[in-house]
Amino acid sequence: MKELHEIMRDLRQDHDLKQEVIANYLNIKQQAYSNYETGRRAVPSWVVPALAKYYHVSTDYLFGMGHLGNMRLNTDYLGKVTMYDVMYSIQKVKPDRRGELLRYIKYLGGET
């Protein structure tokens with residue numbers, strides 16, 4: 001399982017961002033952020049929810065628990081759509097329609 005600092009680096013690189021951009025968002029110096037990302041310094045607890053908000057991922061994801069099987073949530077799933085995008089869209093479905101959506105997904109997958 002990847003460590004927090006590795007996931008932080010992967011997310012930043014996946015979004016084609018420089019460390020300076022994330023450091024500015026966190027209101028810290030780029031060198032401090034670099035130390036977190038390389039594992040030279042421990043990541044302060046306040047940074048985790050801030051990064052989760054910035055990247056639109058859960059804190060569980062940042063702690064390495066954001067996998068579906070072997071699938072990373074931020075890798076392409078269908079074209080440029082990630083599994084995160086799919087899950088985010090599903091969460092926007094009105095609660096009273098979610099059962100209908102699940103039945104349809106099961107129907108499409110050949111389940112009865």
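Where does His56 lie in this predicted model? His56 sits in the loop between H4 and helix H5, the latter spanning residues 59-65. The backbone here deserves a look: His56 is a residue other than glycine, yet its phi is positive, near 60°. Its relative accessible area is 51%, and since anything over 50% counts as exposed, His56 falls in the exposed class.

From His56 we can move to a pocket, because His56 is one of the residues lining the second largest pocket. Its companions in that lining are Asp14, His15, Tyr55, Asn74, Thr82, Tyr84 and Asp85. What classes of residue make up this lining? By class there are two nonpolar, four polar and two charged residues. If you wonder where the tyrosines went in that tally, Tyr counts as nonpolar here. The space within this second largest pocket comes to about 160 Å³.

Two of the lining residues, Asp14 and Tyr55, lead us to a pair of helices. Helix H1 covers residues 4-14 and helix H4 covers residues 47-55. How do these two run relative to each other, roughly parallel or roughly antiparallel? Their axes come within 12 Å and cross at roughly 25°. Angles under 35 degrees count as roughly parallel, so H1 and H4 are described that way. The crossing also has a hand: H1 passes H4 in a left-handed sense.

Now let us visit two other loops. Asn27 is found between helix H2 (19-26) and helix H3 (30-38). Like the histidine we began with, Asn27 is not a glycine but has a positive phi, in this case about 65°. Is Asn27 buried or exposed? With a relative accessibility of 69%, Asn27 counts as exposed, because that value is over the 50% cut-off.

The loop between H3 and H4 holds Ala42. Ala42 is exposed as well, as its relative accessible area is 66%. For a sense of distance across the model, compare Ala42 with Val81: the two are 39 residues apart in sequence, and their C-alpha atoms are 32 Å apart in space.

Our last stop is helix H7, which runs over residues 98-108 and includes Lys106. Leu102 is found in helix H7 too. How accessible is Leu102? Its relative accessibility is 45%, and values between 20% and 50% count as partly exposed, so Leu102 belongs in that middle class. Lys106 is partly exposed too, with a relative accessible area of 33%.

Each of these H7 residues can be placed against a partner elsewhere in the chain. Leu102 and Val57 are 45 residues apart in sequence, with 22 Å between them in space, C-alpha to C-alpha. Lys106 and Asp96 are 10 residues apart in sequence, and 17 Å separates their C-alpha atoms.

Technical notes. Residues are numbered from 1 along each chain as its sequence is written. This is a predicted model: local features need pLDDT of at least 70, side-chain atom pairs count only at pLDDT 80 or more; totals for chains, interfaces and linings use all residues. Side-chain values use heavy atoms; hydrogens and water are left out. On a 1 Å grid over the protein atoms alone, a cavity is a set of points where a 1.4 Å probe fits but cannot get out, and a pocket is an open set with protein on both sides within 12 Å along at least five of seven lines; lining residues have an atom within 4 Å of a point. Grid points are joined across faces, edges and corners, and a volume is the space filled by probe spheres set on the points. Helices (H or I, at least four residues) and strands (E, at least two) are DSSP runs, numbered from the N terminus. Buried means under 20% relative accessible area, exposed over 50%, partly exposed in between (1.4 Å probe, protein chains only). Axes are lines fitted to C-alpha atoms, for helices over the stretch in contact, and angles run from 0 to 180 degrees between N-to-C directions. Angles under 35 degrees count as roughly parallel, over 145 as roughly antiparallel, 65 to 115 as roughly perpendicular and the rest as oblique. A crossing is left-handed if the near helix is turned anticlockwise from the far one by less than a right angle, and right-handed if clockwise.
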